[in-house]
Amino acid sequence: MTAIDTSKAPAAIGPYVQGVNLDQMVITSGQLPINPETGEMPADVAEQTLQSLKNGLAIVEEAGLAAKNIKKTTVFVKDLNDFGRVNEVYGKFFEDNNAPFPARSCVEVARLPKDALVEIEMIACP
């Protein structure tokens, strides 16, 4: 197992790594919608969704894979009433990256770190 570390995704905010490379599988930690260049988090759930997806993809790419290699995601949302907006951005992200839609779970949670509205984790393999 090799820890993945990239400046193209926000640094871990606790005792964990951005992701791990298990040779035939990459698993990301949940990615908050923090812009790694500014440290800021957008206020809008659609923008947060896109930033979380970009952060996850940056970790996957650091391991030498691409969006098409993402096989499973878990989407944590603060409010399932935002499901439609999250879904729209999520679908467009994979379409824009010429990648098939992965398997996915989406769950509402009481609260996310830094009071984010969304957090996304990914599993990718060749």
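Here are some questions and answers on how a few features of this predicted model earn their labels.

The model is predicted, with local features needing pLDDT of at least 70 and side-chain atom pairs pLDDT 80 or more, while totals for chains, interfaces and linings use all residues. Residues are numbered from 1 along each chain as its sequence is written, and side-chain values use heavy atoms, leaving out hydrogens and water.

Q: What makes the contact between Asp 44 and Arg 85 a salt bridge?
A: A salt bridge is a side-chain nitrogen of Lys or Arg within 4 Å of a carboxyl oxygen of Asp or Glu. Asp 44 and Arg 85 have an N to O distance of 2.5 Å, so the pair fits that definition.

Q: Why is the pair Asp 44 and Arg 85 said to tie parts together?
A: Asp 44 lies in the loop between strand 3 and helix 1 (45–62), and Arg 85 in helix 2 (residues 83–96), so the pair ties together parts that are 41 residues apart in sequence. Helices (H or I, at least four residues) and strands (E, at least two) are DSSP runs, numbered from the N terminus.

Q: How do you know that Asp 96 and Lys 92 are separated by about one helical turn?
A: They are four residues apart in helix 2. Their side chains also meet in a salt bridge, at 2.7 Å from N to O.

Q: Why is Asp 96 called exposed, and Lys 92 partly exposed?
A: Buried means under 20% relative accessible area, exposed over 50%, and partly exposed in between (1.4 Å probe, protein chains only). Asp 96 has 51%, so it counts as exposed; Lys 92 has 47%, so it counts as partly exposed.

Q: What makes the phi of Asp 115 worth a look?
A: Most residues other than glycine have a negative phi. Asp 115 is not a glycine, yet its phi is positive, near 55°. Asp 115 sits in the loop between strand 5 (103–108) and strand 6 (118–124), and its side chain meets that of Arg 111 in a salt bridge (2.6 Å, N to O).

Q: Why is Arg 111 called exposed, and Asp 115 partly exposed?
A: Arg 111 has a relative accessible area of 60%, so it is exposed, while Asp 115 has 46% and is therefore partly exposed.

Q: How do you know that Asp 23 is exposed?
A: Its relative accessible area is 66%, so Asp 23 is exposed. Asp 23 lies in the loop between strand 2 and strand 3, and has a positive phi of about 70° although it is not a glycine.
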